[in-house]
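Hi,

Here is the structure I promised to pass on. Have a look at it first, then read my notes below.

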Amino acid sequence: MTTSPKTTLLSRRRFLSLSGQGALLAGGLALGAGGLWPRWALAEPDLAAGLLRMGRDIYPHEAIADRYYLMPLEPLLESDRALIADGLADLDRRARQAHGKRYGDLEREDDRVALLREIEDGDFFQTVRNTLVVGLYDNPELWQPHFGYEGASWQQGGYLHRGFDDLVIDWL
């Protein structure tokens, strides 16, 4: 009786169960629930989850991976850790008072946005918002696939003969 070699498919779930801690550390990034996460996000999952939820509520792009929201925040955590930790704690406190749950656990987007509107004039909100606006919209990896922007055209002679009318995205 001859048997052919058995082909084993390794699913993501199976890989994570075999890897011990459920994460693959490689070059500062780790495989997490939403794709590759920065290493700091795995070390501080509550902080990362709160910032990720906040970032996605401020700039909602479902197709953009979590890591693009989390990576720009790393320098902010190094320079203003107390501001971020205190701001997220305040946001969680407000959410518990209003809804009995932490901010990140609120299912309804309207509830989360209402809480963000309460703090939008504060330093915490403005710091996170300003960091993410640059981190998301000034990232060349996201320009074409997510926003339809092809980059600067001055190197090719400007937009007159290239690009002024070739918008191919459907969200504008």
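What percentage of the 172 residues in the protein chain do buried residues make up? They make up 33%, where buried means under 20% relative accessible area, exposed means over 50% and partly exposed lies in between (1.4 Å probe, protein chains only).

Some ground rules before you dig in. This is a predicted model, where local features need pLDDT of at least 70 and side-chain atom pairs count only at pLDDT 80 or more, while totals for chains, interfaces and linings use all residues. Residues are numbered from 1 along each chain as its sequence is written, and side-chain values use heavy atoms, with hydrogens and water left out.

Now the overall layout. The protein chain has nine helices and three strands, in the order α-β-β-β-α-α-α-α-α-α-α-α along the sequence. Helices (H or I, at least four residues) and strands (E, at least two) are DSSP runs numbered from the N terminus. About 11,200 Å² of the protein chain is exposed, and carbon and sulfur atoms supply 53% of that; the areas come from the Shrake-Rupley method with a 1.4 Å probe, and for residues only the protein chains shown count as cover.

Next, the inside. The largest nonpolar core has 30 residues, and Leu51, Met54, Ile84, Leu116 and Val128 touch the most other members. A nonpolar core here is a set of buried Ala, Val, Leu, Ile, Met, Phe, Trp, Tyr and Cys residues joined through side-chain atoms within 4.5 Å. H3, H4, helix H5 (74-79), H6, H7, H8 and helix H9 (140-147) each give two or more residues to this core, and H3 gives the most, with six.

Helix H7 (residues 109-119) is a good one to rotate on screen. Its buried residues are Asp111, Arg112, Leu115, Leu116 and Ile119. Why are they on the same side of H7? Because they cover an arc of only 135° around the axis, taking the directions from the helix axis to the C-beta atoms. Exposed Asp110 and Arg117 sit on the face of H7 turned away from the buried side. The buried residues of H7 pack against helix H3 (45-58), helix H6 (81-99) and helix H8 (123-137). Leaving aside neighbours within four places in sequence, Leu116 is in contact (heavy atoms within 4.5 Å) with Met54, Asp57, Ile58, Leu91, Tyr103 and Phe125.

His99, in helix H6, also meets H7 residues: not counting residues up to four places away in sequence, His99 touches Leu106, Asp111 and Leu115. The C-alpha atoms of His99 and Asp111 are 8.4 Å apart. His99 is partly exposed, at 35% relative accessible area.

There's one aromatic pair, too. The rings of Tyr59 and Tyr137 have centres 5.6 Å apart and planes at 80°, so the pair is edge-to-face. (Rings of Phe, Tyr and Trp, using its six-membered ring, pair if their centres lie within 6.5 Å; planes under 30 degrees apart are stacked, over 60 edge-to-face and the rest tilted.) Tyr59 lies in the loop between H3 and helix H4 (66-70) and Tyr137 in helix H8, so the pair ties together parts 78 residues apart in sequence. Tyr59 is buried, at 11%, whereas Tyr137 is partly exposed, at 32%.

Last stop: Asn139, in the loop between H8 and H9. Asn139 is buried, with a relative accessible area of 13%. A polar atom of its side chain lies 3.0 Å from the backbone nitrogen of Glu141.

Cheers

Technical notes:
Polar contact = N/O pair within 3.5 Å; in protein donor to acceptor, adjacent residues only side chain to side chain.
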